[in-house]
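Thank you all for coming. I would like to walk you slowly through one model today, so please have a look at it on the screen before I start.

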Amino acid sequence: DCVILCNVLHEITPIEWVNVLNSIKEKLKDSGYLIIVEDRYLPKGECAHEFGYLVLGTEETKILLSTSSSIECKLNNEEYFDRIIFNVFSKNDINPSKQSVKESIKKLNENSFKNIKILRKEAKDLNQGRRYANETQLYINSKLALERLRNR
C-alpha cells in the first residue's frame with residue numbers, strides 16, 4: 001500500500017536513486033503511495049556517501065520523480081515548519097531517470113545558493129549558524145555530485 005522513506009533518501013547515493021525508486025515503484029500496488037520524510041536541517045553533519053549528503057526539498061523531489069503532483073504536509077510547530085518535509089506521491093508519479101536525477105541536484109544547488117544569500121541578510125539568531133552550515137554543505141555536496149554525474 002505504501003513505502004515510507006523517513007530520513008533515508010539523503011543516505012542513498014544519487015547514482016542509485018533511479019534503481020532504488022524504480023524498485024519501490026515495482027513493489028507498490030497500483031493504488032500505492034511513496035511517502036518521503038526528510039529533515040532539511042540535519043542536527044548533525046554526516047557523510048552518507050561519496051557526495052556527503054543531499055537533502056531534497058519538495059521542489060527538487062518532484063523534479064527527481066518527474067512529476068508536478070504531490071501531497072505536501074507540514075508540521076504546525078513553528079520550529080519544524082520549514083524543517084521537516086513530508087511528501088506523498090502516487091505510484092504513477094514515480095518516474096525517475098538519469099536526467100531527472102541531474103536536474104533535481106541542479107535545482108538543489110541553485111536553491112541552496114539562494115538560501116545562503118537569504119541567510120546572510122537575515123537578523124542573527126541561535127539557529128542561523130547551523131542553517132548556514134547546512135546550506136553551504138548542500139551547496140558543495142550538490143556541486144560535487146553534479147561534477148561526477150555530468151559524465152554519466
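Let me begin with a question: in what order do the 4 strands of the open sheet lie? Before I answer, please keep in mind that what you see is a predicted model. Reading across the open sheet, the order is β1-β2-β4-β3, and the pairing is mixed. At the edges lie β1, residues 2-6, and β3, residues 71-73, and each of these edge strands pairs on one side only. If we ignore direction, neighbouring strands of this sheet are turned against each other by 15° on average.

Now let us follow β4, which covers residues 84-90 and pairs with β3 in the antiparallel sense over 3 bridges. Within that pairing you can find I71 standing opposite V88 of β4, while E72 has N87 as its bridge partner in β4. β2 and β4 also run antiparallel, and here 7 bridges join the two strands; one place to look is V37, whose bridge partner in β4 is F86.

Is β4 mostly enclosed or mostly open to the outside? Of its 7 residues, 5 are buried, and therefore β4 is largely enclosed by the rest of the structure. Here "buried" stands for a relative accessible area under 20%.

A helix also belongs in this part of the picture, namely α2, residues 58-65, which packs on the sheet and touches β2, β3 and β4. The direction of α2 makes about 25° with that of β4.

Let me turn next to the largest pocket, which has a volume of about 740 Å³. It is lined by 28 residues, and those closest to its centre are R40, Y41, D82, R83 and R131. Which elements give two or more residues to this lining? They are α2, β4, α3 and α4, the last of these being residues 128-149, so we meet α2 and β4 once more at this pocket. It is α3 that gives the most to the lining, with 7 residues. Sorted by class, the lining of the largest pocket has 14 charged, 8 nonpolar and 6 polar residues.

Finally, let us pick out one residue of α3, the helix of residues 98-121, where E110 is found. E110 has a relative accessible area of 37%, which means that it is partly exposed. From E110 to E50 there are 60 residues along the sequence, and their C-alpha atoms are 20 Å apart in space.

How values were computed: Residues numbered from 1 in each chain as written. Predicted model: local features only at pLDDT ≥ 70, side-chain atom pairs only at ≥ 80, totals over all residues. Heavy atoms only, no water. Pairing = 2+ DSSP bridges. Axes fitted to C-alpha atoms, helices over the stretch in contact; angles between N-to-C directions. Contact = heavy atoms within 4.5 Å. Buried < 20%, exposed > 50% of the residue type's maximum accessible area, 1.4 Å probe, protein only. 1 Å grid on protein atoms, 1.4 Å probe; cavity = no way out; pocket = protein on both sides within 12 Å on 5 of 7 lines; lining within 4 Å. Points joined across faces, edges and corners; volume = space filled by probe spheres on them. Nonpolar A, V, L, I, M, F, W, Y, C, P; charged D, E, K, R; others polar.
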